Amino acid sequence: MTDFKALIEADTGQTARTIQILDAGNFEDWLKGQPDSIRAIAAAYQFVGKPDTFLLLPLVGTKSNDKSVAGDFSVVAGVPDHEKLDPWSLAKLGSGLPEGKYRLHETSAKGSLFGWLISQHEFDRYKQLPDRQGPSVLLVKDAIAQRDEAVRQAQATAMVRDMVNTPAADMGPDKIETLVDKLSEKHGGEVKVTRGDTLEEHFPMIHGVGKAAMRAHAPRLIELKWGKADHPKIAIVGKGVTFDTGGLSMKSPAGMLLMKKDMGGAAHALALASLVMEAKLPVHLHLLIPAVENAIDGSALRPGDILNSRKGLTVEITNTDAEGRLVLGDALTLAGEEEPELIIDFATLTGAARVALGPDLPAMFCDDPEMADGLLQAGEQESDPLWQMPLWSGYDAMLNSPIADCVNSASGSFAGCITAALFLKKFAPDSVPWAHFDTFAWRPVAKPGRPIGGEALGLRASWRFLQGRYGQ
Ligand code: BES
Ligand code: ZN
Ligand code: ZN
């Protein structure tokens, strides 16, 4: 893991290069104050202070008595608003600048440390990346108080990306269990794992989905409890389908290609739990991860089978590819039995959520208006946007079955992410505020600090929400 903490230092006058932060509003003023040589370079590179662009300017010939300024080059960089940086303002710089130390000139780095850090993280487990830069260290003054929080967020985000990027062969249910164990050891939690055929009695839907991979990658429900019992209880749940073939309702090759990422919800849940524990948020945490592979063999769940559930509802399987809602259903029921103050779940649940909102916006469903507003606001504050979708009961009937209490997949594809959320709602407790994130966990097109691959979406938003509600 990248040593994020080493990438930000308190500014005590060390020798460093300076970064002048510009935007469309103050670019012209800056340009006017420059010598002809610098104006010529800016013109040659067509640098006009646009966000996510920067330029290295030589300092050759200038004589400075300021020992804190490195004498080779300085940087000018464009951002959307030079007076208020956001978490992504410095991402292009973090990943693009040559190795060395830097400080911002006349601009506070407040609010921007996360992007500086996460942009320097790469997934290099399977390949030595050729154009890798050495670390860039940012020297900060008033923003130093934000360093620990930024480091925590970067670590959690890197964890989601790395877990999702790791192929299913190296990120099976056993590996997720190991990661939960490690986190628990670090923070002093308690782990309980219900594994293999013992799932059948109390978690029949988790068992049903996972049984085809029983021998190679045994299914399990991984639970972690952490924190003082007299603190408010919260539950975090994540879909941990370590590979989704679709089961007997098999996916096409193109549809299956990215399905190593179907444990993305579990990665988000684990990362959010790690934020809670790292920051020692005064809550009693219950993390639940149903970890299964949706595989195909002679014992696989069939279309037409009817499963019982922990809740007691019977479910007619109309599509074995709608497996996430089954494993989450049993986990949500268990979460509710402990009567927490709130439940948040994360899942790569439907392709329909992507059709509706695209890859960048997680669909957020919530049965409690105050919690929904809090989450949306936190998303805006963190530049980690969410979009709320309706748990509209008018579509409940789409899940009716003639021979069981419900089907797992509505016929037809209308409102696919809504009917999936309505299915989950049947298994979540009525009396506990509950938010469900249908997230893509994947970035198909790169942005500064955000390479193609696994991605955390809605993680920093939900963390900010929890901090706002339970932080001191
Ligand atoms: N893991 C998929 C959802 C998914 C697919 C997320 C592609 C992101 C990208 C899920 O288990 C699934 O297959 N859902 C089906 C549900 C359908 C059978 C009702 C889907 O969305 O097609
Ligand atoms: Zn599926
Ligand atoms: Zn799935």
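Trainee: How do you know that strand β2 (residues 17-22) and β4 pair?

Mentor: Two strands pair if DSSP finds at least two bridges between them, and this parallel pairing has 4 bridges, so the condition is met. Ile21, for instance, stands opposite Ala77 in β4. The model is a predicted one, in which local features need pLDDT of at least 70 and side-chain atom pairs count only at pLDDT 80 or more, whereas totals for chains, interfaces and linings use all residues. Side-chain values use heavy atoms, with hydrogens and water left out, residues are numbered from 1 along each chain as its sequence is written, and chains are lettered from A and ligands numbered from 1 in the order in which they are written.

Trainee: In which sense do strand β3 (residues 54-58) and β4 run?

Mentor: They run antiparallel and are joined by 5 bridges, one partnership being that of Leu57 with Ser74 in β4. A strand here is a DSSP run of E of at least two residues, and a helix a run of H or I of at least four, each numbered from the N terminus.

Trainee: Why is strand β4 (residues 73-78) called largely enclosed?

Mentor: Because 6 of its 6 residues are buried, a term that requires under 20% relative accessible area (over 50% is exposed, in between is partly exposed; 1.4 Å probe, protein chains only). Phe73, Val75 and Ala77 point one way and Ser74, Val76 and Gly78 the other, and all are buried.

Trainee: What makes the arrangement around the zinc ion (ligand 3) octahedral?

Mentor: Donors are N, O and S atoms within 2.8 Å of the metal (3.2 Å for Na, K and Ca), and water is not among the atoms, so sites may look incomplete. Lys239, Asp244, Asp262 and Glu323 coordinate this ion at 2.0 to 2.5 Å. Six donors count as octahedral if opposite ones are over 155 degrees apart and all others between 65 and 115; four are square planar by those limits or tetrahedral if all angles lie between 85 and 135 degrees, and anything else is irregular. The 6 donor atoms subtend angles of 77 to 173°, which makes the arrangement octahedral. Lys239 lies in the loop between β9 (233-238) and β10 and Glu323 in the loop between β13 and α11, so the pair ties together parts 84 residues apart in sequence.

Trainee: What is the site of the zinc ion (ligand 2) called, given its 6 donor atoms?

Mentor: With angles of 71 to 168° the site is irregular. The two zinc ions (ligand 2 and ligand 3) are 3.2 Å apart, and Asp244 coordinates both.

Trainee: Is Asp244 buried or exposed?

Mentor: Asp244 counts as buried, because its relative accessibility is 3%.
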